[in-house]
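User: I am new to this structure. Please take a close look at one part of it, and then show me how that part sits in the rest.

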Amino acid sequence: MASEIASFDTWTLDVVRTITAFANTDGGQIRLGVGRTTLDQKTTDEWLAKLHAVLMGEVKPTLIPFVSCRLEEIDHRMVLVIDVMRGTSRPYYIAEVGMWPDMVFVRDHAATVPLGEVGLKALIAESNPSFEAQRAESYELTFDELTKAVRRRHLADDERRRRDWGFVDQLGCSTRVAQLFSDQNTSVVRLTVFDGVTPEDVKARLVSTGSLIRQWQQVTDFLEKFAPTPSANESLFLSAADTVPAAALREAFLNALMHRDYSVDAPIDIWVFQDRIVVTNPGGPKRGAQLDDMLLGVSSPRYPHVAQMFERLGLATGAGVGLNRIRLAYQGRQVSPEFKATSHAFQVILPNGHAVQKTNTNPVANMPVEKPLVKSLVVNMPVNQPEPQTSLPLPSTQEPLVHHPESMTMEDIKMREILALLDTRETITRREVDEALGVSQSTASNVIRRMLELGLLRKIGSGRLLHYAKA
């Protein structure tokens, strides 16, 4: 006999909720018609039709393997008995309503009750220990930011490919991977600029959420506001000597987005001081991995589907060379990056030229440096000095990668992307730059203006007919 029994006089929405609640908990038995003196054939057929609709799509994922029914005489009355087993693809929910915390039900003693947000997260994790394969917490996901990025890479985007990307499971439900790249993603990046070398006076702050693609664009755009533009008499990709290499900061932030522990409800923190930038992400090295292994280039991503998506979008290589790129960006400098790892966090510390100045000229620890860090994204490399050569060749991939030399700022990267677009067409508009780069109108206008100043672009037409072409 079933461990728990729920009785109803007739078919109502509560019957459907109780079916899902039994499947989400430990199973049970529903008895329909217990208050009726007789159960005629017409009523029985109506109830069986409603049960069939439940099994064929009203409840998701499908409950067909876990539900059976029969007519049985109980206490001298014929009743419809529905046996429900504990499902293996929990949580189960009513498709029309969606998988909202207050609309997913479980059994609590003799009652059917909403699961709640904390309970829903626990049930998802319990049903599938693999975070990537777990069901998305949000029922309705949209992918506006991802769609723009996919189009910029000229990638196909259809149901089959989304399954390949790990966005949809075998039952057709959205996964945690899909949620991370969706506009409904709730993970957070918190960026704070301090006016000094200690976390006391806050100069600027940004909290970014939404799709991982949006977080990447928002944070890099925000950091650009604190970076100077190379002067007209300098090489396009070279600038001042007292800064954090752009490539190092790029790799540190990308590493945090790709490898942080998304099962932990904590933000990525980026702290910008006058003498260093600190990037801290929740979650230490993947179980079994050591910091020394990671520095040797051993690639073992915590979330393979997330890492592969960044590779498809041309932001990562999948070669395990991210930390080595950070170290290579510091070749020839008096300072070096630091890497720290605990079981719960990973931290990258990127010093700049001010750290050397403070060490050489200021014996008092933590004394403020007059020169602000707002140059922290420009590369420390004299104009006549050749770029450092890496001994770690990058493997070729099926899709062309966007390469970012150590001497490129993030503004430079956007300039190069615009020039690449103009290799495929004769002219481009400012709006097309917005869409292609996935940036705001003001950011696109600033990059175009800088390219005009450097003689990389020329104007064609004016007003609404204004286009830009290679100079």
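Analyst: Pro304 is partly exposed, because its relative accessible area is 34% and the partly exposed class runs between under 20% for buried and over 50% for exposed. The model is a predicted one. Pro304 lies in helix H10. Helix H10 covers residues 304-312. Across the fold sits Gly166. Pro304 and Gly166 are 138 residues apart in sequence. In space, 9.4 Å separates their C-alpha atoms.

Now step to Tyr303. This residue is in the loop between helix H9 (291-295) and helix H10. Its ring pairs with that of Phe131: the centres are 5.2 Å apart and the planes stand at 40°. That angle is neither under 30 degrees nor over 60, so the pair counts as tilted. Phe131 comes from another stretch of chain, the loop between H3 and helix H4 (144-152). The two partners are 172 residues apart in sequence, so their pairing ties together distant parts of the chain. Both Phe131 and Tyr303 are buried.

Gly166 has aromatic residues on either side in the sequence. Trp165 and Phe167 form an aromatic pair of their own. Their ring centres are 5.5 Å apart. The planes meet at 70°, and the pair is edge-to-face. Trp165 has 4% relative accessibility, so it counts as buried. Phe167 has a relative accessible area of 1%, so it is buried too.

These two rings belong to a wider group. Phe143, Trp165, Phe167, Phe181 and Phe310 form one aromatic cluster. The model has eleven aromatic pairs in total.

The next layer is the nonpolar core. The largest one has 57 residues. Those with the most contacts inside it include Phe167, Phe181 and Phe310, which are also members of the aromatic cluster. Leu146, Leu257, Ile270 and Leu350 are also among the residues with the most contacts in this core. Helix H8, residues 246-259, gives the most to the core, with eight residues. In soluble globular proteins, nonpolar side chains tend to be buried together.

Ile270 shows what such a position touches. Leaving out residues up to four places away in sequence, its contacts are Val189, Arg190, Leu191, Thr192, Val219, Phe253, Ile277, Val278 and Val279. A second core stands separate from the first and has 24 residues. Phe22, Leu39, Tyr92 and Ile94 are among its members.

Go back to Phe131, for it also borders open space. The second largest pocket has a volume of about 890 Å³. Its lining has 36 residues. Phe131, Arg176, Tyr262, Ser263 and Val264 are the closest of these to the pocket centre. Helix H3 (117-127) and helix H6 (176-181) each supply at least two lining residues. The lining is mixed in class: twelve nonpolar, 13 polar and eleven charged residues. So Phe131 has two roles in this picture, as a partner of Tyr303 in a tilted pair and as one of the residues closest to the centre of the pocket.

Some backbone details lie elsewhere in the chain. A cis peptide bond joins Lys60 and Pro61, with omega about -15°. Pro61 is in the loop between strand S3 (59-60) and strand S4 (67-74). Another cis bond joins Arg90 and Pro91, where omega is about 5°. Pro91 lies in the loop between strand S5 (77-84) and strand S6 (93-94).

The loop between S4 and S5 holds Asp75 and His76. Asp75 is not a glycine, yet its phi is positive, about 55°. His76 also has a positive phi, near 65°, in a residue other than glycine. Asp75 has 66% relative accessibility and so counts as exposed. His76 has 75%, so it counts as exposed as well.

Last, the whole chain. It has 15 helices and 16 strands. Of its 471 residues, 49% count as buried. Take the contacts with a separation of 6 or more: residues 24 or more positions apart account for 65% of them. The pair of Phe131 and Tyr303, 172 residues apart in sequence, is one example of a link between distant parts.

Definitions and conventions
Residues are numbered from 1 along each chain as its sequence is written. This is a predicted model: local features need pLDDT of at least 70, side-chain atom pairs count only at pLDDT 80 or more; totals for chains, interfaces and linings use all residues. Side-chain values use heavy atoms; hydrogens and water are left out. A nonpolar core is a set of buried Ala, Val, Leu, Ile, Met, Phe, Trp, Tyr and Cys residues joined through side-chain atoms within 4.5 Å. Buried means under 20% relative accessible area, exposed over 50%, partly exposed in between (1.4 Å probe, protein chains only). Helices (H or I, at least four residues) and strands (E, at least two) are DSSP runs, numbered from the N terminus. Contact means heavy atoms within 4.5 Å. On a 1 Å grid over the protein atoms alone, a cavity is a set of points where a 1.4 Å probe fits but cannot get out, and a pocket is an open set with protein on both sides within 12 Å along at least five of seven lines; lining residues have an atom within 4 Å of a point. Grid points are joined across faces, edges and corners, and a volume is the space filled by probe spheres set on the points. Ala, Val, Leu, Ile, Met, Phe, Trp, Tyr, Cys and Pro count as nonpolar, Asp, Glu, Lys and Arg as charged, and the others, Gly among them, as polar. Rings of Phe, Tyr and Trp (its six-membered ring) pair if their centres lie within 6.5 Å; planes under 30 degrees apart count as stacked, over 60 as edge-to-face and the rest as tilted.
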